[in-house]
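I opened the model today and took notes as I went. The entries keep to what I looked up.

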Amino acid sequence: MHRLLIACLLAATACSGGSSSKDDTDVAADTDVAGSGTGRLLLRFTIDPDLADVMAEPPVGHVWGDIYNADDIDNLGPKKDESGNDLPAVLSYEAALVDITPDGTTQTTSEVLFTTEALPIGYYRAAGFMDSDGNGADTTSPEEGDPVTFPANNEFLVLEDQDVEAVIEFNLLYPKGR
Ligand SMILES: [Ca+2]
């Protein structure tokens, strides 16, 4: 199950090239799920060994992030409402001292480190970053070199009355000068 999910995320990363979100947007336009009820997401974290390899320090640190309705965010960030404001996140998450240092070329996935509140069933996307340089006491925003997610590559389906494990993968290092 997890291997399949990771494989899908990796494939999505490779196909997206990290820039165009058009295809992702098209997918997101059809993410309403009929029915009622709620379920939870159990968050785990991982990083591709190739990405970890180019980091200045090991992928170890505090993780912060937000869960959005899938339709409300793409890889460029939250979409805007009619007034031009960012659409809000559904909830925020964090996890302390996450260590996802790969074992050589073998990808490491953390244990479940955060369980969400019960969420209405449907598709959600995870934005987030790891404070890998350990200065989170000074700033809780991503800085150059911090691993961050592509939200469109971290999409999860909440199912009724189920705890769904969601492996959040960091997809790139935060670029300089953002
Ligand atoms: Ca930092």
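My notes run from confidence to strands, core and single residues.

**Confidence**

I am working from a predicted model. I looked up the mean pLDDT first: the protein chain averages 84. A score of at least 70 is reached by 80% of the residues. I then checked where confidence drops, and residues 1-29 stay under 50. The model still has 30 contacts beyond four places in sequence for that stretch. Where pLDDT is low, the predicted coordinates should not be read in detail. I left residues 1-29 there, with their pLDDT under 50.

**Overall make-up**

I listed three helices and 12 strands in the protein chain. Of its 178 residues, 30% are buried. I also looked at contact range. Among contacts with a separation of 6 or more, 78% join residues 24 or more positions apart.

**Strand S8**

How many residues of strand S8 are buried? I found nine of the 10, across residues 122-131, so S8 is largely enclosed by the rest of the structure. Next I looked up its pairings. Strand S2, residues 60-69, runs antiparallel to S8 and is joined to it by eight bridges. Within that pairing I noted Trp64, whose bridge partner in S8 is Phe129. Strand S10, residues 155-158, is also antiparallel to S8, with four bridges. There I found Tyr124 opposite Phe156 of S10.

**Strand S1**

I turned to S1, which covers residues 38-47. S1 pairs with S11 in the parallel sense, over eight bridges. Leu43 has Ala166 of S11 as its bridge partner. S1 also runs antiparallel to S7, with two bridges, and Gly39 is matched there with Leu119. Two bridges join S1 to S6, residues 114-115, again antiparallel. In that pairing I noted Leu42 with Thr115.

**Nonpolar core**

Which residues touch the most other members of the largest nonpolar core? I noted Leu41, Leu43, Phe45, Val98, Tyr124, Ala166 and Ile168, out of 25 residues in the core. Two or more residues each come from S1, S2, S5 (91-99), S8, S10 and S11 (163-170). S8 gives the most, five residues. In soluble globular proteins, nonpolar side chains tend to be buried together.

I followed Phe45 further. Setting aside residues up to four places away in sequence, Phe45 touches Val63, Ala95, Val98, Ile100, Ser110, Leu113 and Ile168.

**Val63**

I stepped from Phe45 to Val63, in strand S2. Val63 has 27 other C-beta atoms within 10 Å, so Val63 counts as buried. Beyond its neighbours within four places in sequence, the contacts of Val63 are Phe45, Glu94, Ala95, Val98, Gly128 and Met130. I also took one distance. Val63 and Pro147 are 84 residues apart along the chain, and their C-alpha atoms are separated by 9.6 Å.

**Leu173**

Pro147 came up again at Leu173, which lies in strand S12, residues 172-173. Leu173 is buried because 20 other C-beta atoms lie within 10 Å, and 20 or more is the cut-off. Leaving aside neighbours within four places in sequence, I listed contacts from Leu173 to Leu51, Met55, Gly145, Asp146 and Pro147. I also looked up its distance to Met130: 9.7 Å between C-alpha atoms, at 43 residues apart along the chain.

**Pro120**

I looked up Pro120 in strand S7, residues 119-120. Is Pro120 buried or partly exposed? I counted Pro120 as partly exposed because it has 15 other C-beta atoms within 10 Å. Pro120 and Glu160 are 40 residues apart in sequence, with 8.0 Å from C-alpha to C-alpha.

**Positive phi**

Most residues other than glycine have a negative phi, and most peptide bonds are trans. I noted two residues with positive values. Leu97 has a phi near 50° and sits in strand S5. Leu97 counts as exposed because it has 9 C-beta neighbours inside 10 Å. Asp161 has a phi near 60° and sits in the loop between S10 and S11. With 10 C-beta neighbours inside 10 Å, Asp161 is exposed too.

Definitions and conventions
Residues are numbered from 1 along each chain as its sequence is written. pLDDT is the predictor's confidence in each residue, from 0 to 100. Two residues are in contact if their C-beta atoms, placed from the backbone, lie within 7 Å. A residue is buried if 20 or more other C-beta atoms lie within 10 Å of its own, exposed if 12 or fewer, and partly exposed in between; C-beta atoms are placed from the backbone. Two strands pair if DSSP finds at least two bridges between them. A nonpolar core is a set of buried Ala, Val, Leu, Ile, Met, Phe, Trp, Tyr and Cys residues joined through C-beta atoms within 7 Å.
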